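Trainee: I am new to this one. Can we go through it term by term, with reasons?

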Amino acid sequence: YNFTGTVQDMVEFDGEIYVTGNLYFDFLQCAVAKRSGDFLIPIIGLEGVGNELEVYDGKLYVAGTFDGHDVVVLDTSDNCTYELVSDSKIPEGRSLLAAYGKLFMAGDASGFAPMSGVWEFDGTTWTEIGTGPSPTYTLFQYNNQIVAAGEPGNIFSSEFEELSVAAWNGAEWTQLGEGFPQRIKGLIEINDTLFACGPVAEYGEIRYGLAWYRNGVWAAVSTERWDSYFNYSPDEELTYSF
């Protein structure tokens, strides 16, 4: 069917391609749709806005905002269950990550406690694991740790005023570098180096759009030019090699 809206994420599940976001099929709004042949078919009854998809233990998990819930679980397209992972009044699941035999979810509850949080699921119970960036936009597996990135904030007992990227070692959150003054929207690892991307912003004398974490310090990918694909002129060609 023809649809409009915003696609936030897509994943393969049970032999089909599923997408999530804020999707409109004619006058029908839904959070998840699946591919069938050359078409996308809405999952009827699953209203709301999805942010991220993840497959865990043979089920499809959707993080987002669903009428008082922050996670939806699909056994099949016709069997959906809603879960409230956080205890927030306005829950929103932002990111999911399956790693180390567990499923991790990062959420946001602006204006209500908890302001942010990361939860882990062992297949039976969701458990909050400390306080990470506030709020968290993305989760990543790096150096045998769970890395959370998001808005500048702080964590308990942190000596830094700002926190954008933190790592969970199984017992506590530790800050990776001194953080950034603006949000981090994505993380990726290339050749054992962690990269972060987000809005270009000044931090000291360095402007970040794409930065890497090496030797315990965040630095601009290029010391000669701070442009990244987040901000460059159409007539410029920008290439990085790693």
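Trainee: Which residue in β3 stands opposite F25?

Mentor: It is L28. Keep in mind that this is a predicted model: local features need pLDDT of at least 70, side-chain atom pairs count only at pLDDT 80 or more, and totals for chains, interfaces and linings use all residues. Residues are numbered from 1 along each chain as its sequence is written, and side-chain values use heavy atoms, without hydrogens or water.

Trainee: What makes β2 and β3 a pair?

Mentor: Strands pair if DSSP finds at least two bridges between them. Strand β2 (residues 16-25) and strand β3 (residues 28-36) have six, in the antiparallel sense. Six passes that mark, so they pair.

Trainee: Why is β1 called an edge strand?

Mentor: Start with its sheet. The order is β1-β2-β3-β4, open and antiparallel. At the edges stand β1 (4-13) and β4 (39-42). Each has a single partner strand, so one side of each lacks a neighbour in the sheet. From one strand to the next, the twist averages 30 degrees. Such angles run from 0 to 180 degrees between the N-to-C directions of lines fitted to C-alpha atoms, for helices over the stretch in contact.

Trainee: Which strands form the other open sheet with edges β5 and β8?

Mentor: Four strands, in the order β5-β6-β7-β8, with antiparallel pairing. Here β5 (49-56) and β8 (79-83) each pair on one side only. The twist averages 25 degrees between successive strands. Inside the sheet, antiparallel β6 and β7 are joined by five bridges. F66 faces H69 of β7 across that pairing.

Trainee: How many helices and strands does the protein have?

Mentor: Zero helices and 20 strands. Both are DSSP runs numbered from the N terminus: H or I over at least four residues for a helix, E over at least two for a strand.

Trainee: How do you know that D75 and K59 form a salt bridge?

Mentor: The term needs a side-chain nitrogen of Lys or Arg within 4 Å of a carboxyl oxygen of Asp or Glu. D75 and K59 come to 3.8 Å, N to O, so they qualify. The pair links distant parts of the chain, 16 residues apart: D75 in strand β7 (residues 69-76), K59 in strand β6 (residues 59-66). Side chains of opposite charge can pair when their charged atoms come close.

Trainee: How many salt bridges are there in the whole structure?

Mentor: Three. One joins R94 to E92, with the closest N and O atoms 3.8 Å apart. Another joins K102 to E120, at 3.3 Å. K102 sits in strand β10 (residues 102-108) and E120 in strand β11 (residues 116-121), 18 residues apart.

Trainee: Is E120 buried or exposed?

Mentor: Buried means under 20% relative accessible area, exposed over 50%, partly exposed in between (1.4 Å probe, protein chains only). E120 has 17%, so it is buried. Its partner K102 has 29%, so K102 is partly exposed. In the R94 bridge, R94 is buried at 16%, and E92 is partly exposed at 21%. D75, at 29%, is partly exposed. K59 is partly exposed too, at 32%. Across the 242 residues, 47% count as buried.

Trainee: Why does S95 count as buried?

Mentor: Its relative accessibility is 0%, so it clears the cut-off for buried. S95 belongs to strand β9 (residues 92-99). Leaving aside residues up to four places away, S95 touches E52, A63, F104, M105, A106, Y137, T138 and L139. A touch is a contact, with heavy atoms within 4.5 Å.

Trainee: What makes the S95 and E52 side chains a polar contact?

Mentor: Two N or O atoms must lie within 3.5 Å; within protein, one must be able to donate a hydrogen and the other to accept it, and sequence neighbours count only through side-chain atoms on both sides. S95 and E52 are joined at 3.1 Å, so the distance fits. A polar atom of the S95 side chain also lies 3.1 Å from the backbone nitrogen of L139.

Trainee: Where does Q175 lie, and what does its side chain approach?

Mentor: Q175 is in strand β16 (residues 173-175). A polar atom of its side chain is 3.0 Å from the backbone oxygen of G177. At 15% relative accessibility, Q175 counts as buried.
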